[in-house]
2 protein chains.
Amino acid sequence: MTTIQTVQAAKNAARSCALLSENTRRGILLAMADALLENTENILSANALDMARAKEAGRNSQFLDRLMLSEDRIRSMAQGVRDVANLPDPLCGMRDVVTRPNGLTIAKKPVPLGVVAIIYEARPNVTADSIALCVMSANAVVLRGGSEAIDSNRAIAGVMIEAANASDMPEGAIALIEDTSRESAQQLMHMNGLVDVLIPRGGKGLIDSVVREATVPVIQTGAGVCHVYVDATADVQMATNIIVNAKCSRPSVCNAAETLLVHRAIARFFLPDCLMRLAEAGVELRGCEKTRMIIPELAQATDEDWETEYGQLILSVKIVDSLQEAVEHITRYGTGHSETIVTQDIAKAQEFTNMVDAAAVYVNASTRFTDGFEFGFGAEIGISTQKLHARGPMGLSALTSYKYIVLGSGQVR
Amino acid sequence: MTTIQTVQAAKNAARSCALLSENTRRGILLAMADALLENTENILSANALDMARAKEAGRNSQFLDRLMLSEDRIRSMAQGVRDVANLPDPLCGMRDVVTRPNGLTIAKKPVPLGVVAIIYEARPNVTADSIALCVMSANAVVLRGGSEAIDSNRAIAGVMIEAANASDMPEGAIALIEDTSRESAQQLMHMNGLVDVLIPRGGKGLIDSVVREATVPVIQTGAGVCHVYVDATADVQMATNIIVNAKCSRPSVCNAAETLLVHRAIARFFLPDCLMRLAEAGVELRGCEKTRMIIPELAQATDEDWETEYGQLILSVKIVDSLQEAVEHITRYGTGHSETIVTQDIAKAQEFTNMVDAAAVYVNASTRFTDGFEFGFGAEIGISTQKLHARGPMGLSALTSYKYIVLGSGQVR
């Protein structure tokens, strides 16, 4: 099938998907989880083909690690699918029920979005994950993964589709686009009327190109240049713990911190010990002029540093004259993801949470908590950095819309 | 200023807008309403220039009626602004407050979207309306109206901006783009990172071109090919009232009905009287083959009829064999706006509301109720026919997003 035929088939199937009962959807998920486990050998053989090609192409160890599957990883993939089957049904119930003076009863009923398309890179786990979330939210899903993982994706999607179709999932409602050319991605970005939402999952380059080019509705995810601002009144021990955690606990993810901002009134007292702890944890530090006046051996941070999502153990450090200057720096260089203030002054905390425009604004906690699981949603389809539809960690409900049901007894206007 | 400078200035002003207190915003609205009344003469003179040009260009009476202002219309424009000032603050309060097991308290705080851009046609009332809704929701707003109304728009926006700036509205937060060329609209559609949402308001041509071309987030509004389906068990008196109301009460608007679907079991009993009442009301009728077997003098409806939003007193009529066939017709030709079933059978009502995918699905009521005021929102920025962000009538809250505020006491992950 061509890409357009695949998406057209998904669109047709989406209508039947929307009518699947909660129990049917849960049953499909459990069948898919079982099928993943039963087909571990096949999936691993397919993955071995991808791994061999990636090694031959000289991919780095980070890339290989994301691509590689193992028995353990397939087991946790299956468990992830099972976990989604146990989440509350996002389509359950009615909201905002009102009866109007004319007797009309109006209610919002949650409904699936329709066709969810996902463009992603060489992470086979996104395949299982996205299928599970879309099935639970009764959406049709069209996956367009990277060429580097095509054998793994084909195996995983194949197993899940077979199990789903055997359990009443409408034919065509789950589809993997096997054409991994740039053209197939371009086509998806312009299928207005067929694709109800397109979610890019991957690096900045992928996301930027989708946001810049797509004419279908997009949810922008990911890019995180996150800041920790240590205010004049911060508890220095707490501040040190928070920045060490925000930078070091998992530097490759989008909610890791990239820049430490420090109020000048506390800088001399706070920075030497804090930066030593960061250096001991293996962090490469780059400081502004004022920071280098306190710790001269630091490398100089440039404008490029302020706007870079390092994704590794590098941290830029800047001393600011005021909370206002910290907010201005964040406004200029932040990506609207996660920002935190460490302070003991409640007025400053309030000023910071009011002024900073980001998906998640923290007081006295690590930026690393911006995550669907940590927020208690039980699953995550991504972290939105846009303001339309969904912002911040997106759980199952971000994959739903609603329709108004209006019950009358002959009312006319 | 160039278009890009105007939007850049609005983006900068949006930060300060977001911090305006509820009282300040209400004060700005009341000042703007007063200013509209005080400047009635100026606005009418400006409108006279637009009207003269439109007459010279040979515009039809519908066009002239939409363009024309009068003392009465300016008074009701000012009252509309005043009404928005009296709505509940959409930025008030926190939602979904939870405390997680680790002690983090997480809440969603409503925030404005940022920069709302509106592209519209020759309706000067959209200018006042959009400014009022954006001010109340603390957004910056960039208006790009049609060339035919430029003098009226310049006068209305000028008066409102002057009054707003005198009442603490940040400079540049309300802007009218005076360049009404195709290029200025095109630029707006591609200002990713500056325009947070673009809402086209106007005819199908305008909306389609924005949806097809824009890469900034768009909310699709408007187009309505709405159906009334009369089921086998309908109360024929109620059904007649509903279709007459849905077609005739205001045929030019998007929630008016365009097609009547009738179950064959009731057709012979229902159609003759119903169609006579419609004909008496001045409706031109076009029927399918089966309808013409009952009433041979009807004109033949073509495929084009089923997909046309007439916007005038024309109605197409089709006899269907089943509810299923009615739903299929609606799925194929409907625009996802408003659909109604007339029935006394609760199971059929439920089947219809489950199967039909539209912003508003009615049982035993006219489609004409799909409207922000009728739904009790007190205002309306448009009727969304997409599923992302907002669906159906959009009140003030559709112009908001949220941010997560996370309060901790030193939590790390």
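The following passage describes how chains A and B associate in a predicted model. Local features were required to have pLDDT of at least 70 and side-chain atom pairs pLDDT 80 or more, whereas totals for chains, interfaces and linings use all residues. Residues are numbered from 1 along each chain as its sequence is written, and chains are lettered from A in the order in which they are written.

The interface brings 58 residues of chain A into contact with 58 residues of chain B (contact: C-beta atoms, placed from the backbone, within 7 Å). On the chain A side, two or more residues each come from helix 9 (204-213), helix 10 (236-248), helix 15 (346-355), strand 13 (360-365) and strand 16 (400-411). Helices (H or I, at least four residues) and strands (E, at least two) are DSSP runs, numbered from the N terminus. Strand 16 of chain A gives the most, with 11 residues. By class, this side has 27 nonpolar, 20 polar and 11 charged residues (nonpolar: Ala, Val, Leu, Ile, Met, Phe, Trp, Tyr, Cys and Pro; charged: Asp, Glu, Lys and Arg; polar: the others, Gly among them).

Strand pairing (at least two DSSP bridges between two strands) also crosses the interface: strand 13 of chain A runs parallel to strand 16 of chain B and is joined to it by five bridges. Within strand 16 of chain B, B:I405 stands opposite A:V361.

A turn of 180° with a shift of 0.0 Å along the axis lays chain A on chain B with an RMSD of 0.0 Å (least-squares superposition on C-alpha atoms of residues with pLDDT of at least 70 in both copies). This relation is that of a two-fold axis. The C-alpha of A:H389 is the nearest to the axis in chain A, at 1.8 Å. Both copies use the same surface, as 100% of the contact residues of chain A recur in chain B.

Technical notes
Two residues are in contact if their C-beta atoms, placed from the backbone, lie within 7 Å.
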